[in-house]
Amino acid sequence: MTLPWKQLLLLSIIDCLADCLDSGSYHGPRWRMEPGDLFIPVDSIEEEATLTCDAKGIPPPQYRQEHILITAWSLNGTLINLGLDRRRRLSGGNLIISSLDRYQDVGMYQCMAYNTVGAVLSRRASLQFAYLDHFKVHTRSAVSVREGQGVVLLCGTPTSSGDLTYAWVFNEYPYFVQQDNRRFVSQQTGNLYIAKVEPSDVGNYTCVVMNSITKGKVHSSPTSLILRTDGVMGEYEPKIEVNFPDNVPAAKGSTVTLECFALGNPVPEITWKRANGVPFPSKVKMKYSNAVLEIPSFQQDDTGGYECVAENKMGKNTATGRLAFYAKPQWIQAMKDTALAIEERLYWECRANGKPKPSYTWLKNGQQLLSEDRIHVEDGVLSVSVLTLSDAGMYQCVAENKHGVIYFAAELMVLASPPDFTGNVLRALLKAKAGTTVTLECKPQAYPIASILWKKGNLPIHTNDRITLSPDGTLRLANVSKSDAGSYTCFARNRFGMSSTTGRLLVTDPTRITQGPADMEIIVGESIVLPCQVASDPVLDVSFSWAFNGQLIAKGDGHFELVGGRTAGDLMIRNIQLYHAGKYICVVDTDVESLSAVAVLIVKASVPVIEPGPPSPPDSLTVEEVTDSTAQLAWSPGRDNGSPITNYLIQTRTPFTVGWQRVNTVPEIIDGNTLTATVVDLNAWVEYEFRVLAKNSVGVGEPSPVSVKTRTEDAVPDAAPGDVGGGGGSRSELVITWEPVPEELQNGESFGYIIAFRAFGEVSWTHVATSAPGASRYVYRNDSIAPFSPFHVKVGTYNSKGQGPFSPVVTIYSAEIEPSGMPTGVWARSVSASEIEVNWQALSFTPERVLGYEVVYWEDDTKPETMGKVRVPWNQTSVTVIGLAGNTQYFLTVSAFNTAGTGPFLPAINVTTKKPPPTQPPLNIEWTLIGSQLSLYWEPVVAMESESEVTGYQLSYRRQRHKEINTLTTANSTAELTLPEEEDDYIILIRTLSEGGLGPASDPVRIHQLSMSARGSSACSVDLSPLSLLIAIAIPTFRSTS
């Protein structure tokens, strides 16, 4: 029986063959976009689901043939017949399902794309439905416990599909139970665990369950927790109520969460350890007082035993389990597109890692291959012997384990053509020197490989010790002589035809250098000729070149000139200088060989010349008469090296400087006859090193040896702290800050700071001293300090020699308290898929200072700790929150803030962001240019169910060498532009417009105004190949119907 997809393939060949011949090339289907898993809310108002399937190829892949009721989509392995199914339809390659049915549409979907080359299967994609039923309506019994006893409140999760999150409300919404070491909400069971009940726990508890897919949430009936009056629970050892299974499978790269919580009195402390004793890596996180162990990016090294220990003073208890590693298959070796000649052998191997180890199957054009006749399939290896044209097509290697399946596709092209020497013919004339080896290559393009026959003239060539023929058809003639000259022809033949190529061999006599240059000595200013003369075969072209010390001598150098004729390349050197000394090489090049001759030229000066140099280093540097800011230096001179010393320079280095620094001296300029100077402007109580450098007309010499380390005397500080300020802190505090004085400016031992402050309007100062040299902050606490009161502040310095200066007086303010008022009139709207605009009315009056407003937002009303915030200044009453997820409900609230913190928050409001823009850019862009009028057309973009509808398109265009970008919007999938009549490239990008914002850009469209009219498209061009080769491959595909 002929398979359905093969029927479609044969019918499509007739329509596509003409296009194949025109393009001169064709390629099998390649996936641009494969279907992805869908999880659809049952109660969603959307009526359609779209499974994406988009492939490229030449000719373009077909997804169905008109008037034939067979599609390229399957559900649970069965082909979907669109002719009998009115709820399913195709758009391009996408499968669109309307009037979704929770029971009929669930399952695994797979797409097939094909063209005249073959077919490929996509990855399998699941379609599931998410839902969350309501709790059963009934009154829950009250739970009565003693104070100090532990308790578990059951959630009783209703039936559902999709990931769930849990929270508990205490008494009334939105007061959620805050988790700590005493209270824990399990995200595995949904239950609330209280390790030790306290009187404050008495009240009503409601379990809140939220479906992360549907975003819906349901509330249970309240459970009352009451205290018994018959006494208080005594102390007892921990009892673990929340633990993890004995064996937990974990996927590679996933985030693994283990829970452990115990009841007990006193409240147990939770700790974790690995069974092998290895410490946890830094990526492991502990949450909710260690009740949750989280391992992000799970890897093989994370497997093994884990132990939770709950302990209090009455005892301890443990829970253990193992984490087992698994991984979906992942390619580590795959095959490549292959072109082989008919009758050759195909060998492909693919390998994937995964745990458990994957198994392999092979597909040809979507159908499984089994070992038979010429085909051998074993594990990840496919081999096909003696290829025929019918073996051409698309192949896929499939690797699968119980956790996933992956596909890799490659195209096999079977080539059949007569020999063709185009681009690889023999040289019309080949010259060779007698006695050398000549290689003549015969490499036609032929499928299968052609047999080779060589002839010299009209006689076949027979091999011997001197003449050899390689398997690839290469002819080698060793030790050639004049008798080997002549015409050589290579004949290539296979079962599809014969071709030949001819060239002529000319054997020449060897070239000899009859007179070459000789080594010599020469005096500066003289001129010489270095000879280079040859004897060569008259048929050869001879050229001469010279190199000097490894560098080619260029034309135009006034000292060098090449003289001589065809057989001479003498080099004349005029007015020789000292730098002309060195090695000279004459290089002789002919058509068949290259020769060289070498000579060394020694150039001598008539009178020896001694060039002056910088001075030698000064010596015997001493340091004397050191004060707190000066030091006396003395030294002895070094040699002047042929140029008198004009002056000296002094440099210094300390532990606080980077490298050596120039210093001020007396005298300011130290002339060459002065051998002593005083260094000034030094810092007190700093250890210095000195060195001296001499200078003459040639330059600055090397420095003298470094002096011994010398410390200056101490002194009273002369620097005050900088950047004095402060403010903030807690209630009844005055915070004073300053920039510490650097160590090199502290001038002595026992350095410290004097902090002086007084309230605004007071006369006397309060002084406080701190002996920490690196201190930069002081906090004064007094309950009598009013919030945000002004103070005068100054900070001074001291050391063992006395008190230094104070900084200028500045005004700072004591700590303030949070604003007590709340903004009003808060409202918000969704601007796009990633933006929400929030507005409010400013506070009309509040006794506290308001620096600005804070907008807090979070995704999940059951997890207010997972939030973000934005702050704006006091005179702003709106802000746009950016970077949000599309089609997601956010909760927002607004409060005022100052340095003390935030004031009370308004009740939260909720806004849902718009659906994101379509992820598919505009495709198949075509354009026509007539004069300066440009018309563009493209395929309309159809938004998926989870994306915003397309409202239009934005075109941006610019000239190639300009940055200015122009934009144009249109409601249709066409546009017209008028381009300036200048010869320049234009680059055009097209994006979709939607409520969710701008979509991704299309591939750039490049337009060049070459003439008055042109047309083109954004599709990539293809290389032409021989027509005979195309037919040889296309026709076998035509026949593969069985």
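## A strand pair to start from

Lys794 in strand β73 is the bridge partner of Ala756. Strands, like helices, are DSSP runs numbered from the N terminus (strands: E, at least two residues; helices: H or I, at least four residues). Two strands count as paired if DSSP finds at least two bridges between them. Strand β70 (residues 752–759) pairs with β73 over eight bridges, in the antiparallel sense.

The structure is a predicted model, in which local features need pLDDT of at least 70 and side-chain atom pairs count only at pLDDT 80 or more, while totals for chains, interfaces and linings use all residues. Residues are numbered from 1 along each chain as its sequence is written, and side-chain values use heavy atoms, with hydrogens and water left out.

## The chain as a whole

The protein chain has two helices and 92 strands. Its radius of gyration is 45 Å, well over the 31 Å that the globule rule gives for 1042 residues, so the chain is more spread out than a compact globule. The radius is taken over C-alpha atoms, and the globule rule is 2.2 Å times the number of residues to the power 0.38. Along the principal axes, the C-alpha trace spans about 125 × 110 × 70 Å.

Of the 1042 residues, 44% count as buried. Buried means under 20% relative accessible area, exposed means over 50%, and partly exposed lies in between (1.4 Å probe, protein chains only). The chain exposes about 53,200 Å², and carbon and sulfur atoms supply 51% of that area. Accessible areas come from the Shrake-Rupley method with a 1.4 Å probe; for residues, only the protein chains shown count as cover. Among contacts with a separation of 6 or more, 66% are between residues 24 or more positions apart. A contact means heavy atoms within 4.5 Å.

## Around strand β73

Nine of the ten residues of strand β73 (residues 790–799) are buried, so this strand is largely enclosed by the rest of the structure. Besides β70, strand β73 has bridges to β75 and to β74.

With strand β75 (residues 810–813), β73 shares four bridges, and the two run antiparallel. Here His792 has Thr811 of β75 as its bridge partner. With strand β74 (residues 802–806), β73 shares three bridges, again antiparallel. Asn799 is matched there with Gly802 of β74. A hairpin of two residues links β73 to β74.

## Val724 and its sheet

Val724 lies in strand β68 (residues 722–726). Its relative accessibility is 14%, so Val724 counts as buried. Leaving aside neighbours within four places in sequence, Val724 is in contact with Thr737, Trp738, Val793, Val795, Ser807 and Val810.

Strand β68 belongs to an open sheet of three strands in the order β68-β69-β72, with antiparallel pairing. Strands β68 and β72 (777–781) are the edges, each pairing on one side only. Neighbouring strands of this sheet are turned by 15° against each other on average, direction ignored. Axes for such angles are lines fitted to C-alpha atoms (for helices, over the stretch in contact), and angles run from 0 to 180 degrees between N-to-C directions. Three bridges join β68 to strand β69 (residues 733–739), and these two run antiparallel. Gly726 stands opposite Ile736 in β69.

## Nonpolar cores

A nonpolar core is a set of buried Ala, Val, Leu, Ile, Met, Phe, Trp, Tyr and Cys residues joined through side-chain atoms within 4.5 Å. The largest has 23 residues, and those with the most contacts inside it are Met335, Leu346, Trp348, Trp362, Leu382 and Leu412. Two or more residues of this core come from each of β31 (346–349), β33 (359–364), β36 (381–384), β37 (393–401) and β38 (404–415). Strand β38 gives the most, with four residues.

Beyond its neighbours within four places in sequence, Leu346 is in contact with Leu340, Leu382, Ser383, Val384, Leu387 and Leu412. Apart from this core lies another, of 21 residues, including Cys260, Ile270, Leu323 and Phe325.

## Another three-stranded sheet

Strands β3, β8 and β7 form an open sheet in the order β3-β8-β7, with antiparallel pairing. The edge strands are β3 (48–51) and β7 (88–91), each pairing on one side only. From one strand to the next the twist averages 25°. Strand β3 and strand β8 (residues 94–98) run antiparallel and are joined by four bridges. In this pair, the bridge partner of Thr50 is Ile96 in β8.
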